[in-house]
Amino acid sequence: MPGEFDFIRRFLGHFPKARVPVGPGDDCAVLAPSRGALCVTTDAVVEDVHFTRASFSPADIGHKALAVNLSDVASMGATPRWFVCALALPRDFPPAHLSGIARGMAALAREHRVALVGGNFTSARELSITITATGELSRPPLTRAGARPGDWLYVSGTLGDARLGLAHLRAGVKRGASVQRQRRPRPRVALGQLAARFASAALDVSDGLAQDLGHLCTASGVRAVVELAKLPMSAAVRRELGPEGALAGGEDYELLMAVPSARGRAFERACARGGHPVTRVGALSEGVGWVIHDESGRDVRRPGGFDHFRQASRVD
């Protein structure tokens, strides 16, 4: 049976050698000083919470583990630079599956030119992957606290697809665009870098717009009005989940951005030139909290978002 160091060699063999003073194999990685400030994030994907091995391939799991961290880096407007990866594996974990995880993770790392510089292996009852990623800033970071009254609210892409994909997987449907959104989220790294030139605040939509917009309003001390008719949804989400599903669905990993109204049109043009789909869904004002308006301007009941400690699991 392979041991810890066999696993390490197998995993690292799928990644290029990091161009850092000291990389994997020592007690610590050593990184050269960067020109800009660094932002650091950490996130985990855990078996039977974020994925099941029955519904996700090993490559899907590796991709998702890195993607959710790169999405945080994207929301700050940063360029991904390095990451470390801690894997907890069941004792009977097949070595071929470890290679699959590495292949999925390494492919996304190559796409975004982010280097693996260290990590850890341990045994556990279920599979989990914890990544700490760093990004380099060339401008002031986009935080949740920078939004101001009068800003316009934008979201990237479409909402609710990952939630629909989860419902499909639970129903035994293994293919389709929504299933792919659940298995392989696409971090909006290039959009985050573009948004840093225009936006006043941003965060990634990981727990559902209904939850994450509340975080932005609280941190910035503003009130938001969201127009239900403007929520961007795929045809499948509109048909099967409706607007409430789009608002409450977690794991979309789109970006929610507040942009001063004076910069809004320029931001939209820049996004169009760069091929980044964004939709203006509302605006901010003085006050607290947020509301949803239907087409006649009436308030609509707000759904909740995802909370790890109030809901049993994401994936069955």
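**Salt bridges, nonpolar cores and backbone outliers**

Lysine 64 is buried, its relative accessible area being 2% (buried denotes under 20% relative accessible area, exposed over 50%, and partly exposed in between, with a 1.4 Å probe and protein chains only). The model is a predicted one, in which local features need pLDDT of at least 70 and side-chain atom pairs count only at pLDDT 80 or more, while totals for chains, interfaces and linings use all residues. Residues are numbered from 1 along each chain as its sequence is written, and side-chain values use heavy atoms, with hydrogens and water left out.

Lysine 64 forms a salt bridge with glutamate 251, with an N to O distance of 3.1 Å (a salt bridge is a side-chain nitrogen of Lys or Arg within 4 Å of a carboxyl oxygen of Asp or Glu). Lysine 64 belongs to helix α2 (residues 58-75) and glutamate 251 to the loop between α9 (242-248) and β8 (254-259), so the pair ties together parts that are 187 residues apart in sequence. Helices (H or I, at least four residues) and strands (E, at least two) are DSSP runs, numbered from the N terminus. Glutamate 251 is also buried, with a relative accessible area of 2%. In addition, glutamate 251 has a positive phi of about 70° although it is not a glycine. Most residues other than glycine have a negative phi.

A positive phi, of about 55°, is also found at arginine 113, which is not a glycine. Arginine 113 is located in the loop between α3 and β3. With a relative accessible area of 77%, arginine 113 is exposed, whereas glutamate 251 is buried at 2%.

In total, 15 salt bridges are counted. Side chains of opposite charge can pair when their charged atoms come close. Arginine 9 and aspartate 6 form one such bridge, with their closest N and O atoms 2.7 Å apart. These two residues are 3 residues apart in helix α1 (residues 4-12) and are therefore separated by about one helical turn. Arginine 9 is exposed, at a relative accessible area of 55%, and aspartate 6 is partly exposed, at 38%. A further salt bridge joins the side chains of arginine 239 and glutamate 240, at 3.7 Å from N to O. Here arginine 239 is exposed, with a relative accessible area of 60%, while glutamate 240 is partly exposed, with 40%. Salt bridges also link Asp161, Arg181, Arg188, Asp252 and Glu254 in a network.

The largest nonpolar core has 40 residues, of which Phe11, Phe83, Met105 and Ile129 touch the most other members (a nonpolar core is a set of buried Ala, Val, Leu, Ile, Met, Phe, Trp, Tyr and Cys residues joined through side-chain atoms within 4.5 Å). At least two residues of this core are supplied by each of α1, β1 (38-46), α2, β2 (79-89), α3 (95-112), β3 (115-123) and β4 (128-136). Helix α2 provides the largest share, 8 residues. When neighbours within four places in sequence are left aside, phenylalanine 83 is in contact (heavy atoms within 4.5 Å) with Phe15, Leu66, Met105, Ala109, Val114, Ala115, Leu116, Val117, Gly118, Ile131, Thr132 and Ala133. Apart from the largest core lies another, of 28 residues, including Val155, Leu231, Ala246 and Ile292.
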